[in-house]
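Biologist: I'd love a close look at one thing in this model: how the helices pack. Please take me through it step by step, with the cut-offs behind each term.

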Amino acid sequence: WADGVYLQARMEPQAECLLVLIGATPEGKKELVGFQVGMRESAQSWRELLVDLKARGLAIAPELATGDGALGFWKAIDEVSPTIRHQRCTVHKLRNLLAHAPKRLAEEIKADYADMIYADNPQVVQKRRKAFIRKWRDKCEAVATSLVEAGDQLFTFTRLPVEQHTMFGESWQR
C-alpha cells in the first residue's frame, strides 16, 4: 500500500508530504516497509523511495501495489518494477464517490459500493459494477463517472487467490 500523508508541524509555511509504503507478509501481517519526505507525491520522490527499497534488499517485487489515483506513484512503479499489478485503493475510491454526491445519498452509495466490492466472486463483482454504473448514472452522474474513471484497476484484487483478499481490509468473502 502506498500513500502520501501531509503533515504540518506549524513551523513550515506548507505541509510536508511523507511518502509511506506498507507491505504484507504471506501470512497477511502488515509491515511498514519504507517512508521518506517527498516533494508532494511526485514520480521522482516515489521513484527514489522504491529504488531505496531495492537497494536495501527487496529482491522480489510485490505482486500488487495499492494506491490512490495520484499518478506519480503509478509512473514510478512502472519505471522501477514494471511487473507489479496496479490496484486502486477501494477506500480512497469510496471517498471520491462520496465527494461527488449530496450527503443525503451517502449511505446508499456506501451500501451499493460494499455490495459490489465484496461480492462473492469476480463475476458477481463485474455484474454489480455494471449495475452500480447504470443506477448511479441516473441518480447522480458524477458518482458513476468517478467509478468508471477508476477502470479495471479498482478490481485487480479479484484476480488474486481468495485467501489474500482479507489483506485489502474487510474480507472479500464476508
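Modeller: Happy to; I'll go through two helix pairs, the aromatic rings beside them and a few single residues.

A word on the basis first: this is a predicted model, in which local features need pLDDT of at least 70 and side-chain atom pairs count only at pLDDT 80 or more, while totals for chains, interfaces and linings use all residues. Residues are numbered from 1 along each chain as its sequence is written, and side-chain values use heavy atoms, with hydrogens and water left out.

Let's begin with helix H1 (43–55) and helix H2 (residues 71–80). Helices here are DSSP runs of H or I with at least four residues, strands are E runs of at least two, and both are numbered from the N terminus. The axes of H1 and H2 lie 8 Å apart, and the two helices pack at about 40 degrees. That angle makes H1 oblique to H2. An axis is a line fitted to C-alpha atoms, for helices over the stretch in contact, and angles between N-to-C directions run from 0 to 180 degrees. Under 35 degrees is roughly parallel, over 145 roughly antiparallel, 65 to 115 roughly perpendicular, and the rest oblique. The crossing of H1 past H2 is right-handed (the near helix is turned clockwise from the far one by less than a right angle; anticlockwise would be left-handed).

On the H1 side, Ala43, Trp46, Arg47, Leu50, Val51 and Lys54 meet Gly72, Phe73, Lys75, Ala76, Ile77, Glu79 and Val80 of H2. Contact means heavy atoms within 4.5 Å. This H1–H2 contact divides into eight nonpolar, one polar and four charged residues (nonpolar: Ala, Val, Leu, Ile, Met, Phe, Trp, Tyr, Cys and Pro; charged: Asp, Glu, Lys and Arg; polar: the others, Gly among them).

H2 also has a buried side: Gly72, Phe73, Trp74, Ala76, Ile77 and Val80 are buried. Buried is under 20% relative accessible area, exposed is over 50%, and partly exposed is in between, with a 1.4 Å probe and protein chains only. The cover over these buried H2 residues includes strand E1 (2–7), E2, H1, strand E4 (64–67) and strand E5 (85–88).

The rings come next. The structure holds three aromatic pairs (ring centres of Phe, Tyr or the six-membered ring of Trp within 6.5 Å; planes under 30 degrees apart are stacked, over 60 edge-to-face, the rest tilted). In one of them, phenylalanine 73 and tryptophan 74 have ring centres 4.9 Å apart and planes at 65 degrees, so that pair is edge-to-face. Phenylalanine 73 is buried at 4% relative accessibility, and tryptophan 74 is buried at 7%. Ring pairs also join Trp46 to Phe73 and Trp74 in a cluster, and Trp46 is one of the H1 residues that meet H2.

Moving on along the chain, helix H4 (residues 106–117) and helix H5 (residues 122–139) have axes that come within 8 Å and cross at roughly 160 degrees. H4 and H5 are therefore roughly antiparallel, and their crossing is left-handed. From H4, Glu108, Ile109, Asp112, Tyr113, Asp115, Met116 and Ile117 meet Val125, Arg128, Arg129, Phe132, Lys135, Trp136 and Lys139 of H5. The H4–H5 contact comprises seven nonpolar, no polar and seven charged residues.

Two of those H5 residues form a ring pair of their own. Phenylalanine 132 and tryptophan 136 have ring centres 6.2 Å apart and planes at 40 degrees, so the pair is tilted. They sit four residues apart in H5, which means about one helical turn separates them. Both of these rings belong to buried residues.

Helix H6 (residues 141–150) holds valine 143, which is buried at 0% relative accessible area. Leaving out residues up to four places away in sequence, valine 143 touches Leu97, His100, Ala101, Ile109, Phe132 and Trp136. Ile109 and the ring-paired Phe132 and Trp136 are also part of the H4–H5 contact. Serine 146 lies in H6 too, and serine 146 is buried with a relative accessible area of 7%. Its contacts, again without neighbours within four places in sequence, are Lys93, Asn96, Leu97 and His100.

By contrast, proline 102, in the loop between helix H3 (90–99) and H4, counts as partly exposed at 34% relative accessibility.
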